[in-house]
Amino acid sequence: MLTVRFGEFVFHAERRQLLRGGEPVHLEPKAFLLLAVLLSRRPNAVSKRDIHEAIWPRTSVSESSLPGLAADLRTALGDDPAEPKLIRTVRGYGYAFCGTTHSDALPAGQACRWVALRAGQEIPLPEGTHLIGRDERCLVRCESVRVSRRHARLHVTPERVILEDLGSRNGTWVRGERVHGATEVRTGEAVRIGSEVIQFMEAGPDASTATDGDSRQRT
């Protein structure tokens, strides 16, 4: 996740910046991190436990810390908790980002041949090496606890996608067989990562900027 657009906002993960109409929006570091977590897992809900682990790792905080942080984030975004358009409270569980987004995974004008389809989300795969797993730094983020934080590695070229398991406990499976060493993934094939399924496809002409709505229709 590099850049995400929603409404009049632009979220830049690597720049650690949120813009509204081109102007910076002030967010405290932990509120920015909460937004990053929710955007990275959209449209799925994120549990309080997972949010605590991401924002306050190995730290004990009061029960009011997370609701207070969510309130600060909503204030910055101008989102009404009674009628949320961006940040939804999932009673007894956690929070979810519920807005319509547009993801720019590549610099403007740069083409991308391959995409990964996971949980209704289309993730463009630029050339290079990328990680699959639960870690927030992975390009292809998974949620299942059966997926390791750094589960597998992708080597992407214009001609092919090569998949490599990183010694995960529950394995990476292609064509019904567990991956041992580098394995080429053919277009249209579904790969099982732990208990999650990811499909790899050749991208269409607009794959470098795909909307979440468009990706759900493609799947």
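**A covered hairpin and an enclosed helix**

Strand β9 (residues 114-118) runs antiparallel to β10, and five bridges join the two. One of the pairings puts A116 opposite I123, its bridge partner in β10. Two residues sit between the strands of this hairpin, and A119 takes a positive phi there, near 50°. As the model is predicted, these details describe a computed structure.

Next comes the question of cover. Strand β10 spans residues 121-125, and five of its five residues are buried. This holds for both faces of β10: Q121, I123 and L125 are buried on one side, while E122 and P124 are buried on the other.

Helix α1 (residues 29-41) tells a similar story. Eleven of its 13 residues are buried, so the rest of the structure largely encloses α1. The buried residues include the run A31, F32, L33, L34, L35, A36, V37, L38, L39, S40 and R41. In an α-helix there are 3.6 residues a turn, so residues three or four places apart point the same way. The length of α1 checks out too: at 1.5 Å a residue, its 13 residues should span 18 Å, and the C-alpha atoms at its ends lie 19 Å apart, which agrees.

Zooming out, the protein has four helices and 20 strands. Of its 219 residues, 46% are buried. Among contacts with a separation of 6 or more, 46% are between residues 24 or more positions apart. As for the outside, the accessible surface of the protein comes to about 11,500 Å², and carbon and sulfur atoms account for 47% of that.

Terms used:
Residues numbered from 1 in each chain as written. Predicted model: local features only at pLDDT ≥ 70, side-chain atom pairs only at ≥ 80, totals over all residues. Heavy atoms only, no water. Buried < 20%, exposed > 50% of the residue type's maximum accessible area, 1.4 Å probe, protein only. Pairing = 2+ DSSP bridges. Contact = heavy atoms within 4.5 Å. Areas by Shrake-Rupley, 256 points an atom, 1.4 Å probe, with all protein chains shown as cover. Expected span 1.5 Å × (residues − 1).
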